[in-house]
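Please look over the chain shown below before reading on. The paragraphs that follow lead through it step by step.

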Amino acid sequence: MNKFGKPLLMIPGPSEPYPEALTGLIEPITPHYGDDFLELYNSLIDDLKKLFGTKQHVHLYPGTGTATMEMALTSIIEKDDVVLFVNKGFFIDRFREIAEIHGAKTHQVAPDRYGERVDLDELGYTIDVLKPKAIVVVHSETSTGVLEDINAISKLIPDDSFYIVDFVSSFGALELNCDHNRIDFGVGYPSKALGAVNGLTPFMVSDRLWEYVNPKERDPKAFSIDLNVYRRFVEIWPMHPYPTSISPNLLNAMRGAVNHIKREGFRNVVERHYMVSEFVKDWIEDNGLELIPRREVSTPTVSVFKLPKHLEANKIIDYLISKYRIYISSTWLIGINGLRIGHMGATANMIYVIPTLEALREAIKKSG
Ligand SMILES: Cc1ncc(COP(=O)(O)O)c(C=O)c1O
């Protein structure tokens, strides 16, 4: 067992919640509508807007990150629309699959190997040739550890294309500047760097996309995953500005997590993520292991590295769980023998990172 006396989630999500999130989770259950709830909801939305870096629309989706991304794609794509996917990795590949299910003609611009950023010249050229209706980027690709340059990419997006960004593993850890980066749809996440609890996903929508999904001008293609319906409910049910129920417990948990971030100061939270990430990445390299993304293009929320052939990822993971109940992940999603350590939100903290690395050192020694 570890010194915390409970499982320690050093996987790249779900991550350990901030203590205030757990307190929020067990507050008395209230209706998910009405004056009191709306006051809480609106103040949380205002704070989430700051984390997204937007003055435009922010809402909460009662479901997973994937479903929220699917909502963006359902709302934008008509059959045979061209949609461009940036880079490669488990999650961007999944979004391409979703777009294909919805009838899009898809293309992908990606480097040859995992762990690199997209080549901006190639991306710009492809955009000029294909003129895609939407361009989809995963900011922090949790499967490879690459942090894409959403600002540089934003400069390549034509005025009539929609820019969709998955911020699932950067939301709450990094400045996202959605308005400055001209993002049309951005998906956050509750239980990675935000330090809340899974099941309620924040997302932002630009005025331009909100206008595009205007229910007076466009019919919805689904109920629960079409922004058109979301907008209809915001307009006709101001006391319940979402089409379905949302969980008050999860909202209170998110309120607690965001309060934690406000108290610490968002700048300090961002710095803490970078500081801890550098520490972990130094440790990995000092121990002769190879990071998959180069430092300059690495996300500060996850460290992703290869293992030499004689060390098996699953054996190391099992050792950490059975001896210490510390959970880390492998890189099997991208077919490589390696490990991923999450240090996001509450776990971007030496209190958690040091025992994890000590346990990992021991596991490597025993397996080697
Ligand atoms: C970058 C990224 N996008 C999307 C997802 C999918 O989120 P969910 O499992 O909630 O659908 C994940 C999950 O880890 C992720 O890391």
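Which exposed residues does the face of H5 turned away from its buried side carry? They are Asp121, Glu122, Asp128 and Val129, where exposed means that 12 or fewer other C-beta atoms lie within 10 Å of a residue's own, buried that 20 or more do, and partly exposed a count in between, with C-beta atoms placed from the backbone. This is a predicted model, in which local features need pLDDT of at least 70 and side-chain atom pairs count only at pLDDT 80 or more, while totals for chains, interfaces and linings use all residues. Residues are numbered from 1 along each chain as its sequence is written.

Helix H5 covers residues 120-130, and Leu123, Thr126 and Ile127 are buried in it; helices (H or I, at least four residues) and strands (E, at least two) are DSSP runs, numbered from the N terminus. Seen down the axis of H5, these buried residues fall within an arc of 100 degrees, so they line one face of the helix, the arc being that of the directions from the helix axis to the C-beta atoms. The buried residues of H5 pack against strands S3 (82-86), S4 (105-109) and S5 (134-138) and against helix H6 (150-154). After H5 comes Lys131, with a positive phi near 45 degrees.

From this helix we can turn to the core. The largest nonpolar core (a set of buried Ala, Val, Leu, Ile, Met, Phe, Trp, Tyr and Cys residues joined through C-beta atoms within 7 Å) has 105 residues, and those with the most contacts inside it are Val86, Ile135, Val136, Met254 and Ala257. Helix H9 (residues 248-264) gives the most to this core, with seven residues. Domain 1 (8-16 + 266-367) and domain 2 (19-261) both give residues to this core, so it lies between them; the domain bounds come from an automatic or database domain assignment. Leaving aside neighbours within four places in sequence, Val86 is in contact (C-beta atoms, placed from the backbone, within 7 Å) with Ile92, Val109, Val118, Leu123, Ile135, Val136, Val137, Glu148 and Ile153.

The two domains remain to be compared. The C-alpha centres of domain 1 and domain 2 lie 26 Å apart, and 23 residues of domain 1 are in contact with 26 residues of domain 2. Helix H10 (266-286) and strand S11 (302-306) each supply at least two residues of the side of domain 1 that touches domain 2, and H10 gives the most to that side, with four residues.

Notes:
Contact = placed C-beta atoms within 7 Å.
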